[in-house]
Amino acid sequence: KEIEFKKNVLCKKCSGTGAKDDEVKTCEECKGSGRKNISRKTMFGVINQTVLCEECHGRGKIPIIHCEECHGNGIVNEMVKIKIEIPSGVDTGNVLIVEGKGEEIQDGENGDLHIVFRVTPHKIFHREGDDIQMIYEINFSQAVMGDKIEILTPYGKTKINIPSGFATGT
C-alpha cells in the first residue's frame with residue numbers, strides 16, 4: 001500500500017546546511033565542536049555535563065546567510081509517499097517499523113517510521129483471535145436434511161457441504 005504523511009526532511013535547496021549558497025562559518029559559541037561543557041555547583045559537589053550547543057544545534061557551523069526555504073534550519077516539513085508491505089494477519093494496535101523512513105536529520109541516520117494499524121470492522125466477517133468468522137443463516141430443512149450452499153470468503157465465493165443434522169450455532 002502507498003501511504004502519504006508529513007515528516008521532517010533535509011532541505012533540498014541547501015542540502016540540509018541551512019545556508020544560502022553553502023556559505024557557513026564556525027560556531028563561536030562551541031568553537032565548531034557542536035557541544036558545550038557546563039559545570040554546576042551542587043550540594044554534592046561540581047557536576048560536569050556536556051550538552052548540544054544551543055547556537056548551532058550540534059552542527060558546529062552556522063549559516064552566514066540563511067536559506068530562504070528552511071530559514072537556516074536545514075530541515076523542512078513536507079508530505080512524502082512511500083510504499084509499504086502490509087503483512088497478513090495484522091490487527092488493531094500492531095506496529096510495523098520501517099527502518100530509515102522516519103524523520104531525517106543532518107549528519108546522521110534517518111529515524112525509523114512506526115506505523116500503528118487500526119483495522120476497520122468488515123460488514124460480513126469478524127475476527128476471533130487469528131480466525132475469521134461469519135454468521136450465515138440457513139433454514140430448518142437445510143439443517144435437518146443437509147445441503148450444499150455457496151458462501152462468500154475473503155478470497156471469493158466457494159461451495160460448502162452442510163451435513164444432515166446440523167446444530168444451531170455450529
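These exercises work through the cores, cysteines and surface of a predicted model.

**Exercise 1. Which strands supply at least two residues each to the largest nonpolar core?**

Step 1. Start with the core itself. The largest nonpolar core holds 16 residues. Those with the most contacts inside it are Cys11, Cys70, Ile84, Leu96, Val98, Leu113 and Ile115.

Step 2. Turn to the strands. At least two residues of this core come from each of β1 (2-10), β6 (75-83), β7 and β8 (113-116). The largest share, 3 residues, belongs to β6.

Step 3. Find the second core. It is separate and has 5 residues, including Cys27, Cys30, Cys56 and Ile62.

**Exercise 2. Which residues does Ile84 touch, leaving out those up to four places away in sequence?**

Solution. Ile84 touches Lys1, Ile3, Leu96, Val98 and Ile115.

**Exercise 3. How many disulfides does a search of the whole structure find? Why is Cys11 not bonded to Cys14?**

Step 1. The search finds 0 disulfides.

Step 2. Recall the cut-off: a disulfide needs two cysteine sulfur atoms within 2.5 Å.

Step 3. Check Cys11. Its closest cysteine sulfur, in Cys14, is 3.8 Å away, so the pair is too far apart for a bond. Cys11 is buried, at 1% relative accessible area.

Step 4. Check Cys30. The closest cysteine sulfur is in Cys56, at 3.7 Å, which is too far for a bond. Cys30 is also buried, at 7% relative accessibility.

**Exercise 4. Which residues form a nonpolar patch on the surface with about 270 Å² of accessible area together?**

Step 1. The patch consists of Val95, Ile97 and Val116.

Step 2. Place Ile97. This residue lies in strand β7 (residues 95-98).

Step 3. Classify Ile97. Its relative accessible area is 46%, so Ile97 is partly exposed.

Notes. Residues are numbered from 1 along each chain as its sequence is written. This is a predicted model: local features need pLDDT of at least 70, side-chain atom pairs count only at pLDDT 80 or more; totals for chains, interfaces and linings use all residues. Side-chain values use heavy atoms; hydrogens and water are left out. Patches are made of residues with over 30% relative accessible area and no salt bridge: like charges are joined within 9 Å, nonpolar side chains (Val, Leu, Ile, Met, Phe, Trp, Tyr) within 5 Å. Accessible areas come from the Shrake-Rupley method with a 1.4 Å probe; for residues, only the protein chains shown count as cover. A salt bridge is a side-chain nitrogen of Lys or Arg within 4 Å of a carboxyl oxygen of Asp or Glu. Helices (H or I, at least four residues) and strands (E, at least two) are DSSP runs, numbered from the N terminus. Buried means under 20% relative accessible area, exposed over 50%, partly exposed in between (1.4 Å probe, protein chains only). A nonpolar core is a set of buried Ala, Val, Leu, Ile, Met, Phe, Trp, Tyr and Cys residues joined through side-chain atoms within 4.5 Å. Contact means heavy atoms within 4.5 Å.
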